[in-house]
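Trainee: I have a new structure to go through and would like a walk through it. Can we take it piece by piece?

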Amino acid sequence: MKLAYWMYAGPAHIGTLRVASSFRNVHAIMHAPLGDDYFNVMRSTSERERDFTPVTASVVDRHVLARGSQEKVINNISRKDEEQHPDLIVLTPTCTSSILQEDLQNFVDRASLSSESDVIPADVNYHRVNELQAADRTLEQITRFYLDRARKRSTLDRSVTNAPSANIIGIFTPGFHNQHDCRELKRLPGESGIAVNQVIPEGGSLKYLKDLPRAWFNTVPYREVGLVTATFLEKEYGMPYISITPMGISNTADFITQIGKLVNVWASALSGKRINYKLYVGNQTKFVSQAAWFSKSIDCQNSAGKEAAIFGDATHAASITKILAKEMGIRVSCSGTYCKHDAERFNEQVRGLCDEVTVTEDHTEVGDTTARIEPSAIFGTQMERHIGKRIDIPCGVISSPVHIQNFPLGYRPFLGYEGTNQIADLIYNSFNLGMEDHPLDVFGGHDTKGVSTKSLSTDRREINWTPEAESEPNRIPGFARGKTRRNTEVFAKQNNISKITIDVMYVAKEKSSP
Amino acid sequence: MKTLEIPTFECETGNYHTSCPISCVAWLYQKIEDSSFLVVGTKTRGYFLQNALGVMIFAEPRYAMAESEEGDISAQLNDQKELERICLRVKNDRNPSVIIWIGTCTTEIIKMDLEGIAPKLEKQLGIPIVVARANGLDHAFTQGEDTVLAAMTHRCPEYNRHTTNQQKEDITRLAVVDVAPNNNSPGERSKPIKCNLVLFGSLPSSVASQSNLESKRQSISVSGWLPSQKYTELPALGEGVYVCGVNPFLSRTAATPMRRRKCQLVGAPFPIGPDGTRAWIEKICSVFDVKPDGLEERENQIWKNLSDYLEVITGKSVFFMGDNLLEISIARFLIRCGMVVYEIGIPYMDRRYQAAELLLLQHTCEKMEKPTPRIVEKPDNYSQVQRMHELQPDLAITGMAHANPLEARNIDTKWSVEFTFAQIHGSVNARDALELVTRPLRRRSDSILGCRSLSRQTVDV
């Protein structure tokens, strides 16, 4: 057993439900006890979804425990089939069904005989994978199911589209700014004459899945979801894919260059035309995105060398680390992710861009690291925002897990050239918030705040401060207060001083290495 | 007297949305200040709680998950050792007076013997460990609190009649005084009777003290509450103690003191709405042979204060989808306010424990000349939505999973969970309860949209 207060990634079935309910006319039936269908609440509230979430539970109760589900699941599948005629019903296991070890495949086989809809069981192991991995697998499973069928029925069209086109894989509900990213992603290649063949799973229709291989290539904007599908399409249908996340100026430029390379391989053969993206990238970088100019402007100079801590999913944390370190000259003291299964590549991505790397699922570890580093700003999830609140450091939210605030009505992509503008605003505003106090403090403003304790652990060591010394840090500007206090205590400990006087404070200040 | 129209009870498939009963942790850890809750189960439960608690989770709540992993499920790890390790950490981190283990579906299915392990660890750690099995196999939402309070009943100290015999004599004396004609002004009656009345149900402390005051007005003093503000202050139970519930979902908690502690249960309607509050007090008075005083004037006064809200809802119709067991009481209150109730969905209907409330519902329907609603136990949400399309109620009281989609289909909704967290008990809070109910109806401005529906779905649900 593990003592846990908070988790960054949810349980496996959530991932399956996210993918299933992103597709059009797909219904998920959960094999779960009463109350486990809170996914419907999450989706309905955070995404402000207008329509009924296509998820129902086949309820596991005492009777099921005693006699097994018997006909219950099959009846629920048939009922849903008659009521709503979905194209596909995904039978979703939960932790409960995995412990009960009921044969879901058997239910599916029997229900398939009588229902118009296709029925498949989601193939995810509850204990081995988390929400994101499960979503990744379910997407691949559904895609494979329909492509294999088309192949068997020989309804598969193996010719590529005349004009260059791409699939976008991995946009789904309720993803962090996914809807806006999707719009931006359609625009990005679109401006350079590349059509979007299909977007899956969000809004995707199952009957068109067989036309996925007609695209020239696939793009996978997020590392968490879509890679498994893309590698499957590469292996079986020879489709190349781009897994660069177009977040930030240099990543977006790389992304477009990569598209250019892929398209030109075919274009010269098909139409004899070669497309050159250099000009496009240059123009966009200089004029559409303000981020390049912003990083040269005086504003950004002021934040040069400031420290930041970053935490989130692998895609966002790595990209934001790169943007801060390379594009804005901000020092990233710590960069981390909770995607343990992707730790190797994350390390590779942020190597040389930050002082230390944290890969953990434990929010207290993130909290303590942040408290120790005392950055000027944090970029993380909702959890880090609250950690920041407690230790008085501003935070910009850059990744799931999210909250209704992170589903803005306005257009806020993180990807592409408009994304670079949004990110620049987010970063600048976070640092600025932290700096607003300073002039006030420097001029002895109206600030009489005490020092916040700079550790989130319940670790209390007794060091006495004399009253005069106690009040001394209050004359120091707030943002340096905690550091001064901590340095003094560390110095006192090293020299076995148990009472801190004003003298000790100043000696400590002299001795402290910058 | 005309025979009352008996409400029809139906039972559907049980395919309905409600919260997992472990969500009771969210309000109970706040109520019992020196407690620490440990939910034993898988990631699914933890994730639910994290989402259900919303922002509260960031405030360092006194609750934690003991997350079962594969080794626990396949019994490669020893449950007792694992729990001991975790409880030690909880003890060091938080130093609570009690640790409450919440058993979940997971512990039920793998048959983890929490009740067997708890006493052993209690000895070892020197902290009381209370076990409550609040799982979604047997219970819905608010019934979680029921399991916790029923488990706590066993921990209440023993009420001893002999030491309080002296007091008993006082009571009889006081009672005699009470019968004597009272020349004081009505507000200043004789001293409250020391009657052993314990109220059960977790209410915010301000609401609890309001209830205490309500009964004090009738010179009845409440001797304790289950749960108390602190675990160390649990009320004494035993022969000669009367217990009375304030919430309709506390069936087990009602049964336990009767069967195990020889208490007497006062079966009353629940103090929701001015009518319910009055009936509740009257029933308590009748048990202690006290003549209620000034209740009618008080009730009328409250109704007068509600007139602006009553104007909004009189004649409007309401449909309860059902998820928290408060439905019967709230429906009864709304019918008294002049609304028409089409259907009362409810997860579980204990007709014995809610008998007085059901009777009041019938009387209210008769008095207001409104049809008796159908009561649907274990409802089927899909069928309910179909029925709502037919009936087009003015208001649907429903869970968050259906609220936005129904709004998009032009049916005003009120999120039912708010009734469990808002202060709706007692005469004082009748206004707050109506504030909730009328909010969606007051919001109805001239529609900015010329269209009736904002949903894109062709097939419904």
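Mentor: We will go through chain A, a sheet, some domains and a few salt bridges.

Trainee: What kind of model is this, and how are things numbered?

Mentor: It is a predicted model, where local features need pLDDT of at least 70, side-chain atom pairs count only at pLDDT 80 or more, and totals for chains, interfaces and linings use all residues. Residues are numbered from 1 along each chain as its sequence is written, chains are lettered from A and ligands numbered from 1 in the order in which they are written, and side-chain values use heavy atoms, with hydrogens and water left out.

Trainee: Start with chain A. How many helices and strands does it have?

Mentor: Chain A has 21 helices and 16 strands. Helices (H or I, at least four residues) and strands (E, at least two) are DSSP runs, numbered from the N terminus. The C-alpha trace of chain A spans about 85 × 70 × 35 Å along its principal axes.

Trainee: And what share of chain A is buried?

Mentor: Of its 514 residues, 58% count as buried. Buried means under 20% relative accessible area, exposed over 50%, and partly exposed in between, with a 1.4 Å probe and protein chains only.

Trainee: Which domains is chain A divided into?

Mentor: Domain 1 (12-129), domain 2 (165-272), domain 3 (292-443) and domain 4 (464-512). The bounds come from an automatic or database domain assignment. The centres of domain 2 and domain 3 of chain A, taken over C-alpha atoms, are separated by 27 Å. Their contact (heavy atoms within 4.5 Å) takes 25 residues from domain 2 of chain A and 33 residues from domain 3 of chain A.

Trainee: Pick a strand in there. Is strand 6 of chain A buried or exposed?

Mentor: Strand 6 (residues 165-171) of chain A is mostly covered, with seven of its seven residues buried.

Trainee: What does strand 6 of chain A run parallel to?

Mentor: Strand 7 (residues 195-201) of chain A is joined to strand 6 of chain A by six bridges, and the two run parallel. Two strands pair if DSSP finds at least two bridges between them. Ile168(A) stands opposite Val199(A) in strand 7 of chain A. The path from strand 6 to strand 7 of chain A goes through helix 8 (residues 178-190) of chain A, a right-handed β-α-β crossover. Right-handed here means that, with the strands pointing away from the viewer, the path from the first strand over the helix to the second runs clockwise. Strand 8 (residues 217-219) of chain A also runs parallel to strand 6 of chain A, with three bridges. There, Ala166(A) stands opposite Phe217(A).

Trainee: Now the sheet of five strands. What order does it have?

Mentor: The order is 1(A)-3(B)-2(B)-4(B)-5(B), in an open sheet with mixed pairing. Its edge strands are strand 1 (2-4) of chain A and strand 5 (129-133) of chain B, each pairing on one side only. Neighbouring strands are turned by 25° against each other on average, direction ignored. Axes are lines fitted to C-alpha atoms, for helices over the stretch in contact, and angles run from 0 to 180 degrees between N-to-C directions.

Trainee: Which strand pairs with strand 2 of chain B in the parallel sense?

Mentor: Strand 4 (residues 98-103) of chain B, over six bridges with strand 2 (residues 35-41) of chain B. Within that pair, Ser35(B) has Val98(B) as its bridge partner.

Trainee: What packs on the sheet?

Mentor: Helix 4 (residues 79-94) of chain B does, touching strand 1 of chain A and strand 2, strand 3 (63-67) and strand 4 of chain B. Its direction makes about 150° with that of strand 2 of chain B. Helix 6 (residues 114-125) of chain B lies across strand 4 and strand 5 of chain B, at about 165° to strand 5 of chain B.

Trainee: Switching to salt bridges. How many are there over all chains?

Mentor: The structure holds 44. A salt bridge is a side-chain nitrogen of Lys or Arg within 4 Å of a carboxyl oxygen of Asp or Glu. One of them joins Arg144(A) and Glu140(A) (2.6 Å, N to O).

Trainee: Where do Arg144(A) and Glu140(A) sit?

Mentor: They are four residues apart in helix 7 (residues 131-152) of chain A, so about one helical turn separates them. Arg144(A) is partly exposed at 32% relative accessibility, whereas Glu140(A) is buried at 13%.

Trainee: And one in chain B?

Mentor: Glu10(B) and Arg374(B) form a salt bridge, with the closest N and O atoms 2.4 Å apart. Glu10(B) is in strand 1 (residues 9-11) of chain B and Arg374(B) in strand 12 (residues 374-377) of chain B, so the pair ties together parts that are 364 residues apart in sequence.
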